[in-house]
Amino acid sequence: MMTRAPNIYGLPPGVDVGGAFVNGFLKATINLSPHERAQSVIFVNTSRMRKRLQDAFAASGAMLLPCIRLITDLANDDGAGDAVQSPLAMKLEIAKIIAGLLDAAPELAPRSSVFALADSLIELVNEMAAEEVTFDQIAELDVMDQSGHWKRTLEFLKIIAPYASTLATPDHRLSKAVAQQIGEWQNLPPKFPVFVVGSTGSRTPTRNLMRAVARLDNCGVILPGFDQHMPFNIWKSLSATDRQPDQEDHPQFRFWKLLLSLGIEPSDVRPWASQAVNHATQNELVSLALRPAPVTDGWREDGPNLGDLLACTSNISLLEAPTPKVEAEAIALRLMQAITDGQTAALISPNRVLTRQVAAALDRWKVVADDSAGVPLHLTPPGRLFGHVADLLVSDLTAELLLTTLKHPLTHTGAPRGNHLLWTRELELRLRKTGKVLVNREIIEEWTTEKDQGGKPVREWSDWLLSVFFVEDHEVQDAEELLNTHIALTERICAGPEGTESGELWDKAEGREAQKQCANLRANIGNAGPLSKRDYAALFSNVFSKETVRNPDTGRSDILILGTLESRVNTTDLVILGGLNEGIWPQSSNPDPWLNRQLRQNAGLLSPERQVGLSAHDFQQGMGARVVMISRSIRNDESETVPSRWVNRLTNLLEGLSETNGPEALRAMRARGQVWADCASAQLDQSSKIDAAHRPSPRPPTNHRPTQLSVTQIKTLIRDPYAIYAKKLLNLPELNTLAQKQEYQLKGILYHKILQLFIESKADVFNPSAEPTLISLGEKLIAGECPWPAIRVRWQTDFAKVTPLFIAAEQQRQSEAKNIGTETKGRLKLTNPEFTLTCEADRIDLAESGAIIYDYKTGEPPTKKQQMIFDKQLLLEAAMMELGAFSGIAAQSVQKAQFLGIKKDMKIVDAPLNEVSPAQVIEDFKALIENWRDQSRGYTARMAMLKKDAFSAYDHLSRFGEWGPSDDASSEDVA
């Protein structure tokens, strides 16, 4: 039997929804027997709300619990439609169709977007199901499309037509199940109470269920965060008029829409239970601040009725931190204070970066909060390891990828890790010293031979490394085989050479979730069809990034980190609303790749303002807590931020109510927040104080100073003597980086090698085939040595552009002289002082009038003035040539020496041989060495760098940054 007055109840913002409902439910069903009460049904919208109700019932004493169901569980009932198709299977089927479309018309979208497009189409299917929109309604939209864009869009949308017309998705089944349940109630009303608790009715199936329950006898709908202070004329302003659309971004709009569909007014919404409101005037203040934009003129009339705003806002703090780091630290300190005071506290924010920073800050005190959002699976240790192994399948093995995987905490966990970590470190030192970017079997074998020395463990470890990290390079098209290979390799990496299991890969909550997703992939991968390795890696990353690992048993029950949806469930003594900046709270709406705002409205789909309104409701609900902290950062990593619209509204309202102490209240709120910002800044500055280092200038004994240097090191001796001290006296060779910062060093090595091989091949540069031959040689060497695809293509393109210029200049060079050596070593022993000078000339040619020395430069060649004082490389090589210091080449006079820039301008810079003779060069060099034999002269760090921000490999050792280029050197004798 239906009642005429729908049973709609409201709970004000800040009230504990779970506890309040249970108290009211027990009173409303006091006349029912325990068995009858247990047959009541309570529908909730989240698992956390169900858990909260269960806890509240348990706290009320022993009883038979009523049936508490998720609304979405209705989709699992018999008769709700066809069996739900696996979401992953649907994604793979749709992705396969999209891939076929892109193969036929690549201009539609990049291939890398296949799975992202599939996800967006599935979201559209689910939304159409939830809002009861058919595909025909989409296809029949009236679009004035002169460019053909809508026609191309429909080609994609036709992919989802079969799914939009079936009941194979959970949203389809839910819509049908709700309709079926409503029909059953109409024919046979429930004998025992039915309630819907905690939902705002934002989706059509849920709203339909709420309307039906509200009209049942002895049943009801309990609305969370219902605004009892908003006048009726303000409620009416939420509806569309000729001048404005629906005010969907208002926190109460969903309730207004529900009430209109039931034919009742807000005054008909009854209080559910005698639940004390924390601060009624605080709720009135927030309600007034959040009024729709067209009626904010009511602030002047209704604002003074709030009374003294200093008292009204006494429990609100406004934290405006200078940076996100300070914001996170301040929130962590406030949570720690709550623990000290024995209070419960919750951080509510949609900003996962902020919540992770707060969790990391709490970890310093060994405090683990109950985090409702968990951690994305791809960011957990198993997820990251699977990602590294996927990279092994699709790309060349770089030193960075190899060492990153070897150092992963799950690697080699099937056996003791001591030797594994030791050998990984030693292998890293070898790779850094040699500057190898790509790693091959020969490099590992050479290192193993040196380390082995008959020892069995090193060889076993090396064989294991070779067997798992050097995957056979064949293009596997079978997706199932790729998946099995991927999982097997990951297990072998975790097991180690002696382990027979999978190490600790599948342990803990994140390991079990990874295993679950791998099983899900195994069960559905057959729907993917043929996949390239790169497409497979994209699929695996997509699947793992969509899942989250939650471990509710590890966190404290009194410190919560909640998303905005979960925040409706829990009520704590302290609520911190964090990250209140525009673009974060409310979050910026993601653009729909298929339908614009107008088309969505015409089709009956959800508008972007809907999500803003839900976020506004969550904000209003949080502001009803006993003690509230609002927090935001004034700047992010890039620029100044914009305060959230709700913070702006609140502050603007307070600033305008001077007659009721509004400005003073705002200043007091900011002062309370500033206390925590100051504490956070002080906490961050409390790192152990270390006195700044002085600019070093060590003075070793003269008999320990180097007696041999290369010509390229002479420049370093003049510009950065400390680097020579560290390398030659401390025996600290420069270690190359493993990341792409090494790319320019590698570029120089490759260009030198290409030109060396080309010149050594004695190619006829006057033959038209010379240019394509050199380009082909460059492409081959760059492809074999450069592991970064984008950089590889850029270098190949750049080299192809300079090749014609090089060949043209090379024709002139070869018409003047004949090449007699490349990478030619030279060695000159001097006496008085005794010193050995070495070199390796890039190229030496011989003309009738003498030798010509060339040095290739991929960077900027030094000017003649720089060569006279600092860059003496070519001048010294010319002097060594005239003294017969080059192996296999008789002493020759030097006609010229040049730096050849291998860049688009092919800049050539001559050495100033006409300004300083070879004899004078040697004399000046001897004087330089004599000066360095002076005990009073120290090896000063960064003595004469070309630029103040020029890089030195030993800046970290000299602690550059603690001292600056203008600081005086601190000389010190060292043993």
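This report describes selected features of a predicted model, from its main parallel sheet to its backbone details and cavities.

## The six-stranded sheet

Six strands form an open sheet, in the order β7-β14-β13-β8-β12-β9, and their pairing is parallel. The edge positions belong to β7 (316-321) and β9 (369-371); each has a single partner strand, so one side of each has no neighbour in the sheet. On average, neighbouring strands of the sheet are turned by 20° against each other, with direction ignored. In general, the strands of a sheet pair through backbone hydrogen bonds, and the pairing is either parallel or antiparallel.

One pair within the sheet can be followed in detail. Strand β14 (residues 627-633) pairs with β13 in the parallel sense, over four bridges. In this pair, L574 stands opposite V627 of β14. Helix α29 packs on the sheet and touches both β7 and β14. The direction of α29 makes about 60° with that of β7.

## Cis peptide bonds

Two peptide bonds that lead into a proline deserve a look. The bond from W585 to P586 is cis, with omega near 5°. P586 is in the loop that runs between β13 (574-577) and α26 (597-603), and β13 is also one of the strands in the sheet order β7-β14-β13-β8-β12-β9.

The bond joining N832 and P833 is a cis peptide bond as well, and its omega is about 5°. P833 has its place in the loop between β17 (818-830) and β18 (835-847).

## Asparagines with positive phi

N218 is not a glycine, yet its phi is positive, at about 60°. This residue sits in the loop between α10 (204-214) and β5 (220-224). N218 counts as exposed because its relative accessibility is 64%, and the cut-off for that class is over 50%.

N661 also has a positive phi without being a glycine; the value is near 65°. The loop that holds N661 lies between α28 (645-656) and α29 (662-685), and α29 is the helix that packs on the sheet. With a relative accessible area of 27%, N661 is partly exposed.

## A buried loop residue

L505 belongs to the loop between α23 (479-495) and α24 (508-524). Its relative accessible area is 0%, so L505 is buried.

L505 and P381 are 124 residues apart in sequence, while their C-alpha atoms are 8.5 Å apart in space. When neighbours within four places in sequence are left aside, the residues in contact with L505 are P382, L385, F386, L410, T490, E491, C494 and G511. Of these contacts, T490, E491 and C494 fall within the range of α23 (479-495), and G511 falls within that of α24 (508-524).

## Cavities

The structure holds three cavities of 30 Å³ or more. The second largest of them contains about 70 Å³ of space.

The lining of this second largest cavity is made up of R705, P706, L709, L717, F835, I929, W932, R933 and Y939. By class, seven of the lining residues are nonpolar, two are charged and no polar residue takes part. The charged residues are R705 and R933. One of the nonpolar lining residues, F835, lies in the range of β18 (835-847).

How values were computed. Residues numbered from 1 in each chain as written. Predicted model: local features only at pLDDT ≥ 70, side-chain atom pairs only at ≥ 80, totals over all residues. Heavy atoms only, no water. Buried < 20%, exposed > 50% of the residue type's maximum accessible area, 1.4 Å probe, protein only. Pairing = 2+ DSSP bridges. Axes fitted to C-alpha atoms, helices over the stretch in contact; angles between N-to-C directions. Contact = heavy atoms within 4.5 Å. 1 Å grid on protein atoms, 1.4 Å probe; cavity = no way out; pocket = protein on both sides within 12 Å on 5 of 7 lines; lining within 4 Å. Points joined across faces, edges and corners; volume = space filled by probe spheres on them.
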